[in-house]
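Please work through the following exercises with the sequence and the model at hand. Each task is followed by a stepwise solution.

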Amino acid sequence: MLAVLAALSLSACAGGAPGTLPDVPIRDTVSGDYLNALHAYRTSDLSAAAQNFAAVLEADPGNPGLIQRTFLAKVAQGDITEALPLASDLVENQDGNAFGRLALALAALKQDDFKGARLQLEALADSRLTQILRPLLLAWVEAGTGNWAAADAHLEKIRKQGGFGLLAELHAGYIAALKGDYQALDTAFKAALAALDRPPARLRIGAALHYAKLGHGDIAREILESGDLSDQNTAALNAALAAAEAGQEAKGLVSSAGDGVAEALFDIASALQRDRGSEIALIYARFALYMRPDFPLASLLVGEILDDRGRHGDSLKIYARIGRDSIYHLMAGLRTASAHDAEGDRAGALSVLQGLAGIYPGNGTVLVRLADTLRADENWEAAIAAYDAAFDKLGAAAAEDWTLYYTRGIALERAKKWERAESDFLTALKLAPEQPYVMNYLGYSWVEQGRNLAEAQKLIERAVEQRPNDGYIVDSLGWVLYRTGQHAEAVPHLERAVQLRPGDAVINDHLGDAYWQVGRRREAAFQWRRSLEMGPDPELAAKIERKLSTGSLRATGAPASGNG
């Protein structure tokens, strides 16, 4: 279903998506503001874009193109109440404008004006996307009026379109819960859960809460225990489950037609977001939040889209809205840490992760993320301690745990604790025998130590077979050939590695060494000087300077960054 919806994103552009509009003719007196607005929008500074488009529209109020751009900029910024008057203008000027009519339908639904909403939705221009969107939202309009048969008839239209059965069953389950029809709920949610080999947490949580609402807490817990919840706030989830069982309002329940519409808009937005950073996905996610302001999953999606666009400061404001009482607080915290790191604020990321480790002390996901961030910060000892704490929560090792052994092994190797590091790399290989990065790291480490060279070469050759365009792995093969005296054979591999990773100081240094050994002294000196220009670490820089001044090759360099 998600893949099919993502494919519809192109046809959705016909409804007037930002970035797909023709140039708008404007008056010369406001051309500067217009260019500023365009620049702001293209750089995802949505607040500035909305303000500048509004300023241009004020000077040229009847311009249809400006009306649409200003409307979409305001919606993308989340100012939908301000955008609504423009929606009326859009529909008046462009009768089939999808986003304008959708906004008016949502505004009507907010007022429980189901007749008005129905009229706007039925008038949506036909497109591949509205063939799904229209019946989905109309199903909720009919549910809001208590016309359950009409609601199911609209969902049946979705079921008949290949690839959308899961979407229809999910919303059939929500509508059945609203009606209080356990049999229909059970049928719908069982079908939705069976549609995927590994139902995601959002689907399992949604189904569980609505089972609990209708008095079936045992089934709810069974569903939750059937998959991973390691990035969820389980305390908040248990509280919501208890509230739902007690017949109280609970976070995550779909308790009205408006809530259902918000869920539908979120489903469309999250599917379209498979086309990363999609402008259309942002519009639908903002509409979902308009219908349900306290909708953490929609907030997370808006934050994700903003992060994809490099607007990490804006995404941080979104994540901050998700409080500790939310089922998705932990997920928001992890996203917050990632946004800080992406902004170059490693200290901020570590602070957030350390705070999460205090709030969720038994959570292995938090400990692994903290360990990974400490490793990226080259704080090896602290990273090892965090990995060790995560291993204490691990239990029996499974195949997917190879990454944990591999990353702890890297921290241990960098901390010069080779016996433990080697043990972790070997365990990672047992869990994932053909994993190219593990084979490369272990093989390269043996080469650097002058140990197990024949076995190291075999490991690296297998890694190259799987990753022939990875410069670090190709470098490892050249280096093992070099270290075993096969200098002429090493040269083409090292030349290829430099082509793949031209900016890596260590790989250029390796090629310089190989050139020197085969008598290409001038080229060797060129590669060493080039390596120095790349700002290598002080130890490597000193070795290269000695080679340039003495011609000695006793110093053979340090592991390439990608090999460590």
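The exercises below treat confidence, one helix and one residue.

This is a predicted model, in which local features need pLDDT of at least 70 and side-chain atom pairs count only at pLDDT 80 or more, while totals for chains, interfaces and linings use all residues. Residues are numbered from 1 along each chain as its sequence is written, and side-chain values use heavy atoms, without hydrogens and water.

**Exercise 1.** Determine which elements of the protein chain have the lowest and the highest mean pLDDT.

*Solution.* pLDDT is the predictor's confidence in each residue, from 0 to 100. For the protein chain its mean is 88, and 88% of the residues reach 70 or more. Helix H2 (residues 9–12) has the lowest mean, 33, and helix H20 (residues 329–342) the highest, 98. Residues 1–29 have pLDDT below 50. Helices are DSSP runs (H or I, at least four residues), numbered from the N terminus.

**Exercise 2.** Compare the reach of helix H17 with its expected span, and state how many of its residues are buried.

*Solution.* H17 (residues 279–291) has 13 residues. The expected span is 1.5 Å times one less than the number of residues, here 18 Å; the helix reaches 19 Å from first to last C-alpha, close to that value. Of the 13 residues, 12 are buried (under 20% relative accessible area, 1.4 Å probe, protein chains only; exposed is over 50%, partly exposed in between). Among them are Arg286 and Tyr290.

**Exercise 3.** Explain why threonine 234 receives its exposure class.

*Solution.* Threonine 234 lies in helix H15 (residues 234–245). Because its relative accessibility is 41%, threonine 234 counts as partly exposed. Its C-alpha is 9.8 Å from that of histidine 329, 95 residues away along the chain.

Note on methods:
Helix = DSSP H or I, 4+ residues; strand = E, 2+ residues; numbered from the N terminus. Contact = heavy atoms within 4.5 Å.
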